[in-house]
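Trainee: Could you walk me through one part of this structure closely, and then show me what surrounds it? I would love one connected account.

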Amino acid sequence: MTFINKIAMGLLFTSISSFAEIISVNQIADGISISSAPTLTYVYHSNNPARTLIFIPGGDGSVGVKPEWDNSRYFREYSFNLFLKRLSESDKTSGSTDVVIFDNPTKLNQGSSIYPYPRGWTDHLVRIHSAVDYYTKLYKKPVWLMGHSNGAASVTEYLKWLEKEKKPVNVKGIIFSSGADGSTFPIATKIPVLFLSHEKEGCTKYINESYSRSLFEKLKTGGNASTEYFTASGGSPDPMYPNPCSGGYHMYFGSEEQVSKAIDSFLLRYSE
């Protein structure tokens with residue numbers, strides 16, 4: 001493990017989910033447009049892992065995770081992170097997935113431009129590539145990528161970057177969750193893709209269910225037989241996050257159980 005520095009271990013959970021830790025991942029490449037600053041990741045460990053899911057968040061992609069955040073309320077209490085954590089817990093899902101939360105060290109914004117420019121920055125894509133490479137080698141399990149909102153754009157940009165750089169697709173599959181309008185998949189995408197949306201999506205300034213549905217149909221028409229679409233229902237606005245683009249239906253608030261089980265079921269079907 002030549003390009004990794006494990007920073008902190010701790011935060012013991014119950015016997016259902018063994019522990020969590022912050023891991024710092026160094027860049028796998030360098031260059032003029034690539035910062036040497038490491039990417040801090042947070043791992044919810046499964047007691048019986050069969051795969052690794054790396055999650056790329058939306059918004060500006062950075063909450064400023066610090067090495068000492070191993071016991072942070074952001075990971076212990078934030079509802080969306082706890083929704084992701086369910087995939088590592090055997091009393092809520094199969095519990096067979098290690099979940100890695102990716103935090104970009106700099107904010108991915110450029111004035112009023114939300115997408116596609118920041119999510120296609122070389123530095124950001126190399127960070128994703130570095131994390132995928134590292135966790136593939138560390139756990140020796142299939143690695144999946146999940147992106148939510150603007151993070152879904154990161155995932156599609158990463159696939160296009162692999163194609164442009166003539167690199168093999170190094171992930172088992174994709175979870176495209178409430179993806180930002182403007183995201184596009186490479187035409188040749190044949191790996192499993194699960195599209196997620198909510199029937200009451202609130203962040204309609206940037207996200208339209210019809211756009212995600214059109215991407216889904218293009219993949220199906222293009223011959224991807226392992227792509228599926230799941231629409232969440234129920235839930236409610238989140239009083240802690242009244243902005244419809246940072247809480248509520250957009251973040252599956254109140255629908256965590258059905259969405260986590262849909263993800264878990266998809267991962268189980270296509271991880272072999």
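**A close look at strand S6**

Mentor: Happy to, and keep in mind throughout that this is a predicted model. Strand S6, residues 143–148, is mostly covered, with six of its six residues buried. In a regular strand the side chains alternate between the two faces of the sheet. In S6, Val-143, Leu-145 and Gly-147 are on one side, while Trp-144, Met-146 and His-148 are on the other, and both faces are covered.

Now look at the neighbours in the sheet. Strand S4 (residues 51–56) pairs with S6 in the parallel sense, over five bridges. You can find one point of this pairing at Thr-52, whose bridge partner in S6 is Val-143. Strand S7 (residues 173–177) also runs parallel to S6, and five bridges join the two. Within that pairing, Met-146 has Ile-175 as its bridge partner in S7, and Gly-147 has Phe-176. To get from S6 to S7, the chain crosses through helix H4 (residues 150–164), making a right-handed β-α-β crossover.

Let us step across to S7. This strand is mostly covered too, with five of its five residues buried. Gly-173, Ile-175 and Ser-177 point one way, Ile-174 and Phe-176 point the other way, and all are buried. From S7 the sheet carries on to S8: the two strands run parallel and are joined by four bridges. Phe-176, which we met as the partner of Gly-147, stands opposite Phe-195 in S8.

Before S6 in the sequence comes helix H3 (residues 122–139), so let us turn there. Its 18 residues should span 26 Å at 1.5 Å a residue, and the end C-alpha atoms are indeed 26 Å apart, so the expected and modelled spans agree. H3 is mostly covered as well, with 14 of its 18 residues buried. Just after the helix, Lys-140 takes a positive phi of about 55°.

Following the chain beyond S8 brings us to the disulfide. A search of the whole structure finds one, and it joins Cys-203 to Cys-245 with an S to S distance of 2.0 Å. The torsion about this S-S bond is about 95°, so the disulfide is right-handed. Cys-203 lies in the loop between strand S8 (193–198) and helix H5 (209–221), and Cys-245 in the loop between strand S9 (227–232) and H6, so the pair ties together parts that are 42 residues apart in sequence. How do the two cysteines fare for exposure, buried or partly exposed? Cys-203 counts as buried because its relative accessibility is 2%, under the 20% cut-off. Cys-245 has a relative accessible area of 28%, so this cysteine is partly exposed.

Finally, let us visit helix H6 (residues 256–270), where Ser-260 has its place. With a relative accessible area of 0%, Ser-260 is buried. Leaving aside residues up to four places away in sequence, Ser-260 touches Phe-83, Arg-86, Leu-87 and Thr-93. A polar atom of the Ser-260 side chain also lies 2.8 Å from the backbone oxygen of Glu-256. As a guide to position, Ser-260 and Ile-191 are 20 Å apart in space, C-alpha to C-alpha, and 69 residues apart in sequence.

Methods. Residues are numbered from 1 along each chain as its sequence is written. This is a predicted model: local features need pLDDT of at least 70, side-chain atom pairs count only at pLDDT 80 or more; totals for chains, interfaces and linings use all residues. Side-chain values use heavy atoms; hydrogens and water are left out. Buried means under 20% relative accessible area, exposed over 50%, partly exposed in between (1.4 Å probe, protein chains only). Two strands pair if DSSP finds at least two bridges between them. A crossover is right-handed if, with the strands pointing away from the viewer, the path from the first strand over the helix to the second runs clockwise. Contact means heavy atoms within 4.5 Å. A polar contact is a pair of N or O atoms within 3.5 Å; within protein, one must be able to donate a hydrogen and the other to accept it, and residues adjacent in sequence count only if both atoms are side-chain atoms. A disulfide is a pair of cysteine sulfur atoms within 2.5 Å. The expected span of a helix is 1.5 Å times one less than its number of residues.
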